[in-house]
Amino acid sequence: MKHTSWVYTPKEINVKRGVAYGLTNLMGGGWNNIVSGVIFAYLTLSVGLNPAMAGAITGVARIFDAIFSLVFGTVTDGFYKTKLGKKYGRRHFWMLVGLVGFAVSFLSFWVPATAIFGPGHDFIYYLVVYTLTELFVGMILIPWETLPTEMTTDYTKRTILSGSRMFISATGTSLVFFILAILQSLPSAAAKKNAYLFAGILWTILFVVAIFISYRMTWERPLTKEFIAELDARPKLSVGQYIKETLHDYAQTFRNSAFRKHLTIYLFSFTGKDFYATLLPTFIVVCMGMASNIPWVLNALTVFGILSTLLAAKLMITHGPRFLYSVSYIGIILALIAYGMTYFLHLKNPMVVLIVITIVYQLSRGILEFTPWNVFPFIPDVDHIMTRDDKAGTYAAVMTFFRKSTGALATWLAGILLEELGYVSTASTQQPGVTDKVALLFMIAPMILIGIALVVSWTFKLNRQTHNVLQQEIKRLENGGSKTDVTSEARLVAEELTGYPYEKLWPEETYEDAQAEKKKKQDTKKE
């Protein structure tokens, strides 16, 4: 079989290769913060689009991306059958296509539309280019996220590969804002005018180099005869069948009470964070009347999130997720109140105060982002006692799908609300009372969303202790133990986490068994 040797040649996995793999998340973390914190400000404050149209661009594109992500995974899974897949890798081929496409579309986004098409085409231009960029990012990240599974079966080595992602992602976030803050702070008027374009060029170079290193220093499981036979033996589904099965699996996850609460906490808290990131530049520049570089100087303080993440890793073990949620959400709510007071009290020279408030926010945000994905590994075990199936991948996909969807709606809704409040992005001064309304929106909208997540988190019972009880009960049942011998503690924990009476848990027949029997009957009828 002819193929590019390095794509299928396993190598020693060490810290160096772990970092090389994780470098793609320099773009992953940086891109997410560009989407939530920069693009809306660029389209309104620099391009001059009205806020509703600016929000629609990111909203529509992310909905397309959520749908694309739903089906693209199965495209890469089956790409080994093609000549291109065999030669360049079923994952790496698409990473390379995505990389080339991303370099062109992402750089094009920062080029003023008027320079290419003249005035009057801004909305369509940015909508098309941004949507393409979202799709290319998905084309890179979806196959990239499968590589630890492709590269090794060893748990420790997979941990080395995945462990670098979190810190590299945080580094990408800080670099994005540092670069823009520096460019916006230059004394040259021309530099300030073209700050977004220059930043876009630097971001593109940084991300492309990082992704290419990951692309070149990773590999895939060799396409041996045995592996191809294993792949061919897997169920074959058309795209339509795949979507139908996927949606069914998605719906089944909502039977899990612990997951419903977990998803609610995750979505409301992250959407609150999106509102903050989207509205912060408008609040600082328009409401506070500060220089255009200040929002990016404040956002560069995201580096403090790394410190709180390190602390959260320890507190997760000693105090559990409910404690972390409370610390994070209360910290963010207090920071939002402080932002509002800074505006309404008309403080003179508020920069130092804003820095302190932002540090509190970023420390809290680090915990907000850390906790849900560290709770997540416990969730599939709750499902396991309900169904006896292994659905970790499905639960992760549901979280990602809904996160992309709500992230899209947050920016869109923020833009609509700003327009309804009378905010005009092209006006040098706003109508009386508008800045007060915008400041209240910036403060209250994230507070409501974070507050809902806080209240739900107080009812969240899944932690290390309850998970241990659940795991022991699952092991007992797997070893042939009778359901009638369940302890009162195990019964209570299982019922609290699943939301179902214990008698309905651990069914004799799994969903997969039922589907296989159904298919067998259908095949018999056809014969």
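Me: Which side chain does Glu 369 meet in a salt bridge?
Reply: Glu 369 pairs with Lys 273, and the N to O distance is 3.2 Å. Keep in mind that this is a predicted model.

Me: Where do those two sit in the chain?
Reply: Glu 369 is in helix H18 and Lys 273 is in helix H14. They are 96 residues apart, and the pair links distant parts of the chain.

Me: Is Lys 273 buried or exposed?
Reply: Lys 273 counts as buried because its relative accessibility is 10%, and the cut-off for buried is under 20%. Its partner Glu 369 is partly exposed, with a relative accessible area of 26%.

Me: How many salt bridges are there in the whole structure?
Reply: A search turns up 10. Another one joins the side chains of Glu 134 and Arg 62, at 2.6 Å from N to O.

Me: What does the pair of Glu 134 and Arg 62 tie together?
Reply: Glu 134 belongs to helix H8 (residues 122-151) and Arg 62 to helix H4 (residues 51-77), so the salt bridge ties together parts that are 72 residues apart in sequence.

Me: And are Glu 134 and Arg 62 buried or exposed?
Reply: Both Glu 134 and Arg 62 are buried.

Me: Which residues are linked in a network of salt bridges?
Reply: That would be Arg 90, Arg 91 and Glu 150.

Me: OK, what about Glu 496, which side chain does that one meet?
Reply: Glu 496 meets Lys 461 in a salt bridge, 3.6 Å from N to O. Glu 496 lies in helix H23, while Lys 461 is in the loop between helix H21 (434-457) and helix H22 (464-478), so this pair ties together parts 35 residues apart in sequence.

Me: How accessible is Glu 496?
Reply: Glu 496 has 35% relative accessibility, so it counts as partly exposed. Lys 461 is partly exposed too, with a relative accessible area of 34%.

Me: Changing topic to empty space. How many cavities of 30 Å³ or more are there?
Reply: The count comes to three. The largest has a volume of about 90 Å³.

Me: Which residues are closest to the centre of the largest cavity?
Reply: Of the 13 residues lining it, the closest are Asn 33, Tyr 276, Ala 277, Asn 299 and Arg 365.

Me: Which elements give two or more residues to that lining?
Reply: Helix H2 (24-37), helix H14 (257-287) and helix H18 (351-375) do. The largest share of the lining of the largest cavity comes from H18, with four residues.

Me: And how does the lining of the largest cavity divide by class?
Reply: There are four nonpolar, six polar and three charged residues.

Me: What lines the second largest cavity?
Reply: This cavity holds about 50 Å³ of space. Its lining is made of Ser 257, Ala 258, Lys 261, Thr 459, Phe 460, Lys 461, Leu 462, Glu 496 and Leu 497. You'll recognise Lys 461 and Glu 496 from the salt bridge they form.

Me: Which element gives the most to the lining of the second largest cavity?
Reply: H14 does, with three residues. By class, the lining of the second largest cavity has four nonpolar, two polar and three charged residues.

Me: Now pockets. What volume does the second largest pocket have?
Reply: About 300 Å³. It is lined by 20 residues, and the closest to its centre are Leu 45, Ser 46, Val 285, Ser 292 and Ser 425.

Me: Which elements give two or more residues to the lining of that second largest pocket?
Reply: Helix H3 (39-47), helix H10 (189-193), H14 and helix H15 (294-299). The lining has nine nonpolar, nine polar and two charged residues.

Me: How many residues does the largest nonpolar core have?
Reply: It has 146, and those with the most contacts inside it are Val 38, Trp 110 and Trp 203.

Me: What does Trp 110 touch?
Reply: Leaving out residues up to four places away in sequence, Trp 110 touches Ile 34, Val 38, Ile 39, Tyr 42, Tyr 196, Leu 197, Gly 200 and Trp 203.

Me: Last one: where does Ala 300 lie?
Reply: Ala 300 is in the loop between H15 and helix H16 (304-318). At 4% relative accessibility, Ala 300 counts as buried. Not counting residues up to four places away in sequence, Ala 300 touches Ser 174, Phe 177 and Phe 178.

Conventions
Residues numbered from 1 in each chain as written. Predicted model: local features only at pLDDT ≥ 70, side-chain atom pairs only at ≥ 80, totals over all residues. Heavy atoms only, no water. Core = buried A, V, L, I, M, F, W, Y, C linked by side-chain atoms within 4.5 Å. Buried < 20%, exposed > 50% of the residue type's maximum accessible area, 1.4 Å probe, protein only. Contact = heavy atoms within 4.5 Å. 1 Å grid on protein atoms, 1.4 Å probe; cavity = no way out; pocket = protein on both sides within 12 Å on 5 of 7 lines; lining within 4 Å. Points joined across faces, edges and corners; volume = space filled by probe spheres on them. Nonpolar A, V, L, I, M, F, W, Y, C, P; charged D, E, K, R; others polar. Salt bridge = Lys/Arg side-chain N within 4 Å of Asp/Glu carboxyl O.
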